[in-house]
Amino acid sequence: MPTDIEIAATVPLAPIAEIAVRAGIPEDAIEPYGRHKAKLDIARLPAPATPGKLILVTAINPTPAGEGKTTTSIGLADALGHVGKRAMLALREPSLGPCFGTKGGATGGGRAQVAPMVDINLHFTGDFHAITAAHNLLGSLIDNHLYWGNALDIDARRVSWRRVVDMNDRALREVTLGLGGVANGYPRSGGFDITVASEVMACLCLAEDLDDLRARLARIIVAETRDRRPVTAADLKADGAMAALLVEAIKPNLVQTLERTPALIHGGPFANIAHGCNSVIATRTALGLADYVVTEAGFGADLGAEKFFDIKCRQAGLAPAAAVLVATARALKMNGGVAKVDLAREDAGAVAHGAANLTRHIENLRGFGVPVVVAINLFPGDSAAELAAIEDAAASAGAQAIRCRHWAEGGAGATALAEAVVALAEAPSAFAPLYPDDLPLAAKIETIARRIYRAQDVAFAPGVAAQLARWEQAGFGALPICMAKTQYSFSADPTLLGAPSGFTLPVREVRLAAGAGFVVAICGELMTMPGLPRVPAAEGIGVANGAVFGLF
């Protein structure tokens, strides 16, 4: 069976100018980056008429068996074209960390891919490098300020701004800065996060335009003074230079699927440690150009979809018309207790048992007032009994489950899904966020934990509740919550598969992202700088005859 990169290499791509014409984008609005990708100057786009309908693709909790959320998003967008709708994709950019780690690339699979696959998965148009540079410029300016007299009276023990790099590197989680004598500054503790967890990434993805981006950057809190007053990027006069580094990065990137459906790929926060959605600018741009816009939110619906609804839609005023919940028989077998090595063996009973994870996600999505359809991403070897078990479980939760063959057949394999999505999207949206703005911060965390995860209680680490109360007194109480926890379970324990309930959710730390406009609650043992596995994907990636191989 050919690999994704081999399949992508067999499909000739259209010049990016042709894709722009297909999307209704005028020639003077595209800034080509080679033959098959471009930046968009949104100021040169035509004024939108009636905005298109926004479709969210999300998934059950991920397992090593795979679910195919991005692949399904691409297949659905192509399929909408097959049923006569003008469709666009609005997706996130891949991070280099997973490409060289365990997960691999994030451009879809089989016949449902965005392209050029290698470009998108590696450096693309340089957005992540710009975000990394802007983030680390701020870190440099903090330590430079300390070195040259510390006029702001920053308490070096309370500098909260960590540096970032777009790579999995556990050795950088905790570091000591400034060693080597007086010329190198003041020694202090610090560390690195992965770029996709950067608040600069979140600011770019939630900003309405360049002016709003600079205003968000200015509000970033990086430290406290000795008398506990917040120190911002604006206090350090950093926001202007940071914005200058992001002038090109804030422009959405135009590419295409293998079936030449236009796709805007822009921004890339992870959903387990950040808010997990592509940029507001790209989503709004697509809504102004297409009848239907397919977007996705990272990992399972307990993380990505909840943050899409409660952070992105709340801040941007978006109202999704429908949600697609992706599941596979293989993943549900794992949720039902089957080991990965045994997945080839038919076990409809395990699928039915693991489908408790599926039905809970359906219930949660419907709780936001969004209609749901289940996309069964078919794998070779799925049995009729296993697929029937998924369909029965979905029906018991009030959702239709549709078998999809987009990996093997492209858009033609997902036309039934597209027709179901169109039917759901015809009804007026009843979308509403999970909690009101004026709910206290701790109560927002508890609401997510109880209503989405089904926790019985929340255990705040010492000092966390007091910190939340201080932020409320400082005027940040109306911000939404960005939960950071394992993607593998509704709980904070990655080994609790299926649909656990009655547990206590441990919140070990909270971080204020005043620029992005949310409060991060870090649960359990989650790390904001991932590590590489025992056998990284990087070991199988290389170049032969000028072409990259091994990406998947």
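Q: What are the helices and strands here, and from where are they numbered?
A: They are DSSP runs, with at least four residues for a helix (H or I) and at least two for a strand (E), numbered from the N terminus. The model is predicted.

Q: OK. Which elements each supply at least two residues of the lining of the second largest pocket?
A: The strands are E7 (154–159), E10 (188–190), E11 (192–194), E12 (221–225), E22 (504–513) and E23 (518–523). The helices are H7 (199–206) and H18 (464–476).

Q: How much space lies in that second largest pocket?
A: About 1300 Å³. It is lined by 45 residues, and Ser 160, Glu 509, Val 510, Arg 511 and Leu 512 are the closest to its centre.

Q: And the lining by class?
A: The second largest pocket has 23 nonpolar, 14 charged and eight polar lining residues.

Q: Switching to cavities. How many are there of 30 Å³ or more?
A: Two. The largest cavity holds about 80 Å³, and the second largest about 50 Å³.

Q: Which helix gives the most to the lining of the largest cavity?
A: Helix H6 (residues 127–147), with three residues. The full lining includes His 123, Asp 127, His 129 and Asp 166.

Q: What about the second largest cavity, where does the largest share of its lining come from?
A: From H11, with four residues. Among the lining residues are Asp 302, Glu 306, His 361 and Asn 364.

Q: Last topic: which residues touch the most other members of the largest nonpolar core?
A: Ile 25, Leu 138, Ile 220, Leu 246, Phe 309 and Leu 358, out of 139 residues. Helix H11 (residues 301–316) provides the largest share of this core, eight residues.

Methods
Residues numbered from 1 in each chain as written. Predicted model: local features only at pLDDT ≥ 70, side-chain atom pairs only at ≥ 80, totals over all residues. Heavy atoms only, no water. 1 Å grid on protein atoms, 1.4 Å probe; cavity = no way out; pocket = protein on both sides within 12 Å on 5 of 7 lines; lining within 4 Å. Points joined across faces, edges and corners; volume = space filled by probe spheres on them. Nonpolar A, V, L, I, M, F, W, Y, C, P; charged D, E, K, R; others polar. Core = buried A, V, L, I, M, F, W, Y, C linked by side-chain atoms within 4.5 Å. Buried < 20%, exposed > 50% of the residue type's maximum accessible area, 1.4 Å probe, protein only.
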